[in-house]
Amino acid sequence: MSSIDKINLPGEKEKYVHSVFAAIADRYDFLNTALSFNQDKYWRRFAVKQAALPVGGKGLDVCCGTGMLAIELAKSVQGAATITGLDFSEEMLAVGRNNVNQSGFADAIELLQGNAMKLPFADNTFDCATIGFALRNVPDIKQVISEMRRVVKPGGRVVSLELAKPSVFGFKQLYYLYFEQLLPLLGKLGVGVDGPYRWLPESLRRFPHQQVICDYFREIGLRNARYDELTGGIVAVHVGVK
């Protein structure tokens, strides 16, 4: 049994995920783009459109990592908003701050270290809250969605961009061949260590189907909960309104 197979408790998962992202922070953006065949940019643009951040509004990106989704939020309103990004990994945030400084939107974006399970913000603070490629990595999915809902204003949106489980026959089989067999090998070549990109297929295996995540949105009290599958169902974007 591998070390990944032994990760069964929330605390164990949090510690392991932290070590994963610390190890790959400086190569994360490059590998995301390369391993997604440049689709990650399109996925982020789509998710930001669903967030519907108003000009002059306040947006929150939870588990912001290297800041790319926060930057996309700022770009959607030409910097005329206040964007806060929060992540638990100082290594990822260091890369994120460099990305923000080079983006042209540094005046609109602030990146903070913090815990997605207990967001350090008052109720009804933000016009939208997003999370990208991180919901499958948190210790408690419902808790994080609930926290995002709490800090969003009434009428604001909660949006998740995440890997999904495609169902189209043929494409599904090819996808899992790539994701489970080839991607860990390519990731290892890219970062020089084995563990981080072995976690990707394992994290997806453990993650609920996109319809279940949509049910979570409804259970937590988000209205008009729905999801869109992109690129043949490789990813899903979930949206709910407070």
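This text walks through a predicted model, from the overall chain to two helix pairs and one strand residue.

The protein chain contains nine helices and seven strands. Of its 242 residues, 53% count as buried. Among contacts in the protein chain with a separation of 6 or more, 74% are accounted for by residues 24 or more positions apart.

Helix 6, residues 141-151, is a good place to start. Its buried residues are I141, V144, I145, E147, M148 and V151. These residues cover an arc of only 160° around the axis, so they are on the same side of helix 6. The cover over them includes strand 1 (58-62), strand 4 (126-132), strand 5 (152-163) and helix 9 (210-219).

The last of these elements can be followed further. Two packed helices are described by the angle between their axes and the distance between the axes. The axes of helix 6 and helix 9 cross at roughly 50° and come within 10 Å. An angle from 65 to 115 degrees would count as roughly perpendicular and one under 35 degrees as roughly parallel; helix 6 is therefore oblique to helix 9. The crossing of helix 6 past helix 9 is right-handed. On the helix 6 side, I141, K142 and I145 take part, and they meet I213, Y216, F217 and E219 of helix 9. By class, this contact has five nonpolar and two charged residues, with no polar ones. I141 and I145 thus appear in two roles: they are buried residues of helix 6, and they are in the contact with helix 9.

A second helix pair is formed by helix 3 (residues 39-51) and helix 4 (residues 68-76). Their axes are 9 Å apart, and the helices pack at an angle of about 55°. Helix 3 and helix 4 are therefore oblique to each other, and helix 3 passes helix 4 in a right-handed crossing. Helix 3 contributes R44, R45, V48 and A51 to the contact, while helix 4 contributes M68, L69, E72, L73 and S76. The residues of this contact divide into five nonpolar, one polar and three charged.

The strands offer a view of a single position. T84 lies in strand 2, residues 82-87. Is T84 buried or exposed? Its relative accessible area is 9%, and buried means under 20%, so T84 is buried. Leaving aside residues up to four places away in sequence, T84 touches G59, L60, D61, E110, L112, F121 and F126. Of these, G59, L60 and D61 fall within strand 1 (58-62), and F126 falls within strand 4 (126-132). Strand 1 and strand 4 are also among the elements that cover the buried residues of helix 6.

Technical notes:
Residues numbered from 1 in each chain as written. Predicted model: local features only at pLDDT ≥ 70, side-chain atom pairs only at ≥ 80, totals over all residues. Heavy atoms only, no water. Axes fitted to C-alpha atoms, helices over the stretch in contact; angles between N-to-C directions. Helix = DSSP H or I, 4+ residues; strand = E, 2+ residues; numbered from the N terminus. Parallel < 35°, antiparallel > 145°, perpendicular 65-115°, else oblique. Left-handed = near helix turned anticlockwise from the far one by under 90°. Contact = heavy atoms within 4.5 Å. Nonpolar A, V, L, I, M, F, W, Y, C, P; charged D, E, K, R; others polar. Buried < 20%, exposed > 50% of the residue type's maximum accessible area, 1.4 Å probe, protein only. Arc of directions from axis to C-beta.
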